[in-house]
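Notebook open, model loaded. I wanted to start with the charges, then go on to fold and salt bridges.

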Amino acid sequence: MKTLIVYAHPEPKSLNSSLKDLAVSTLETAGHEVRVSDLYAMNWKAVVDAADYGPDASSPLKVALDSGRAFDAGTLTPDVLAEQEKLMWADTIIFQFPLWWYTMPAILKGWVDRVFTYHFAYGVGEHSDTRYGERFGEGTLAGRKALLSVTAGGPESHYAARGINGPIDDLLFPIHHGILYYPGIEVLPPFVLYGTDRMTGGDYPDVAKAWEQRLLTLESTEPIAFRRQNFGDYEIPSLHLKEGLEPAGRTGFGLHVRA
């Protein structure tokens, strides 16, 4: 297995850093190949601008079209091209980050904004009466799996179905479904650590054991059963879930997960 770890935390002595290092050592000891994109150490540029697209940038800038034109021409900046190459190399992608303000750190969102260009992560495939491009289960990155390893400062009860922060599955849905599944990546159930603001060194051995277990079962873990766009569950072109396919009483994000 070839694993890319995309890591986003500014502190080398953080819990997130320890989890990243443990992932590297655990997977390599098990015989897997591992590459790491340490975004803060790389001084990753988090904002999209015309410089990303070189001679293929238009004026006024059109991010989607310009990024696709630069991708097709091979004129994306070297840092973006390197990350796209890593994604194509990987079988599995692990995203290691803290949950900040209900989402990923800005530097990681900037990685997505710049690396997931038009014609690479979206804007691919046939548009017709029966298909709406290769998205949500199909696409350039199909055949890969991804896992979010997330630390949250608050206790688990705050992220439960009736918790004030909302269910963790709902908070992560835009990343799971909208960023990862969209270009075809199968998404594994996340590894979430709660109450990390109050965690002590004495808690770490149990955390490490649980993380090692998840890492060593990546290949046998079933992905979240998101519905595929072009395989009969959705009306096209409205992309509404067909009547009668929803489990009784299920609404919202849960509609897009098979029973």
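Charges first: I looked up the mean positions of the 23 positive and 33 negative charges of the protein, and they are 1 Å apart. For this, Lys and Arg count as positive and Asp and Glu as negative, with His and the chain ends not counted. Each charge is placed at NZ of Lys, CZ of Arg, CG of Asp or CD of Glu.

Note to self on provenance: this is a predicted model, where local features need pLDDT of at least 70 and side-chain atom pairs count only at pLDDT 80 or more, while totals for chains, interfaces and linings use all residues. Residues are numbered from 1 along each chain as its sequence is written, and side-chain values use heavy atoms, leaving out hydrogens and water.

Next, the fold. I get 7 helices and 6 strands, taken as DSSP runs (helices H or I, at least four residues; strands E, at least two) numbered from the N terminus. The order along the sequence is β-α-β-α-α-β-α-β-α-β-β-α-α.

Then overall dimensions. The C-alpha trace spans about 55 × 50 × 35 Å along its principal axes. The radius of gyration is 19 Å, which agrees with the value near 18 Å for a compact globule of 259 residues; the radius is taken over C-alpha atoms, and the rule is 2.2 Å times the number of residues to the power 0.38.

I also checked burial: 47% of the 259 residues count as buried (under 20% relative accessible area; exposed is over 50%, partly exposed in between; 1.4 Å probe, protein chains only).

On to salt bridges, of which I find 11 (a side-chain nitrogen of Lys or Arg within 4 Å of a carboxyl oxygen of Asp or Glu).

Arginine 69 pairs with aspartate 66, with the closest N and O atoms 2.5 Å apart. Both sit in helix α2 (residues 63-73), 3 residues apart, so about one helical turn separates them. Arginine 69 is partly exposed at 36%, whereas aspartate 66 is buried at 1%.

In helix α4 (residues 106-115), aspartate 113 and lysine 109 are 4 residues apart, again about one helical turn. Their salt bridge is 2.7 Å, N to O. Aspartate 113 is partly exposed at 34%, and lysine 109 is partly exposed at 37%.

What about the burial of aspartate 233, bridged to arginine 227 at 3.0 Å between the closest N and O atoms? I read aspartate 233 as buried at 18% and arginine 227 as buried at 5%. Elsewhere on my list, salt bridges with shared partners join Lys45, Asp49, Asp52, Asp79 and Arg114 into one network.
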